Amino acid sequence: MQTTNNAISNEQNYVLQTYVRPDFVLVRGNGINLYDEDGKAYQDWVAGIAVNSLGYNDSGVAQAMQEQAATGVLHVSNLYHTEPHARLAKQLVENSFADRVYFCNSGAEANEGALKFARRVAFNSEATDKTDIVTFSGAFHGRTMGALAVTPKDKYQTPFKPMMPGVTVAEFNNIDSAKETITAKTAAVIVEPLQGEGGIHPATNEFLRALRQLCDDHQAMLIFDEIQCGLGRTGTLWAHEVSGVTPDMMTLAKPLANGLPIGAILVTQAVADNIRPGDHGSTFAGGLLVTNVASHVVERIRQPEFLAHVQEVGEYLMERLEEVNSPLIREVRGRGLMAAIELTIEAPSVIKKGYEQGILLVNAGPNTIRFVPPLIIEKSDVDSLIDKLTTILEHVNE
Ligand SMILES: *Cc1c(COP(=O)(O)O)cnc(C)c1O
């Protein structure tokens, strides 16, 4: 108890208050469970917000960390050749539309880089005024200045204005709106194939195809932000696969190193042809430890049996969620292990009840509970979620 009190009071006295945390302290994990100091288990349907895809205490991840630690080198700077980061780039290229990879340290940073690369391509084309970025309602691309500018949510933007100029917002899944907004001045269009923070809203295949066509017509870069929906989350390695459309660039982060900080920008050769040494860079990016772990993660997740498991358990999750008989559920949405229930009540009250029931849940917007568990969950874990959720929804108004 002593440590719990210290952790919570230290947080309250010394940590900048940008998060509101519940009153327990997590100390260890195994499989899909996290444990607090009293040994209470929490079944984890958050996974560090779609990060810990291989769950906790994974022996392969531990081995990849130990292997690198044993060399005595965690970082040498991007000034030098190292083996794990080149290996990871090769793996990502061999398993995607892309020809080249740039590494960074987070999702927001990946999107910042992608926007810079798009501006670079437009700059080289010598088209004057070709600097606009098109984003969509409900999008989330991160909290840094460039990424924030393409995250059209007043609550996030207003206190930090002025935003980066040149951003226009079209309506998500509305082809006519995209047609009006994407013009000769557009350098890039950035879109999540399945919106995460915005409430788990899949882009339709027709919409993604229309965006591809409009980008081709106007020589604009199509950027897919697969930071949350990529890397097996939806049951295919990339969420965009179901649309048959490929982007010019794709950003990755969250699950790439199962919890170590990393981001990546995957690009076609046509984009790469426009980028020169010195155009972009990062001190930490693509370090040996993080890329050795990511390399292990990609190798595991790309296996057809692994993806088939995500599909199977994901379908089961959707079925079971649809069966929950509660007047508080307005809609069930999602694909693979990226699902959500939209409620008639505020999500935080449900999340709070979840802690009592030993389950971690996270919202995606004010009324939506999202389910982004470790991808290794089993059907029996879904059954346990449904039992707990049913109890929570019965008692949430008490
Ligand atoms: C989380 C997220 C980001 C931002 O990633 P950070 O690592 O938090 O900067 C960007 N885009 C999407 C779709 C995300 O889910």
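Let me begin with helix α5 (residues 107–124), which gives the most to the shell around the ligand, with 3 residues; helices here are DSSP runs of H or I of at least four residues, strands are E runs of at least two, and both are numbered from the N terminus.

This is a predicted model, in which local features need pLDDT of at least 70 and side-chain atom pairs count only at pLDDT 80 or more, while totals for chains, interfaces and linings use all residues. Residues are numbered from 1 along each chain as its sequence is written, and side-chain values use heavy atoms, with hydrogens and water left out.

The residues around the ligand, meaning those with a heavy atom within 4 Å of it, include Ser106, Gly107, Ala108, Asn111, Asp225 and Gln228.

Turning to polar contacts, that is, pairs of N or O atoms within 3.5 Å, a backbone N or O atom of Ala108 lies 2.7 Å from a ligand oxygen, and a side-chain N or O atom of Gln228 is 2.7 Å from an oxygen atom of the ligand. For Asp225, a polar side-chain atom lies 2.7 Å from a ligand nitrogen. The ligand taken alone exposes 380 Å², of which the protein buries 81%, with areas from the Shrake-Rupley method and a 1.4 Å probe.

Now the sheet: it is open, with 7 strands in the order β4-β12-β11-β10-β7-β5-β6 and mixed pairing, where two strands pair if DSSP finds at least two bridges between them. Its edge strands are β4 (100–104) and β6 (167–170), each pairing on one side only. Strands β7 (residues 186–191) and β10 (residues 221–225) run parallel and are joined by 4 bridges, and Val191 stands opposite Phe224 in β10.

Technical notes:
Polar contact = N/O pair within 3.5 Å; in protein donor to acceptor, adjacent residues only side chain to side chain.
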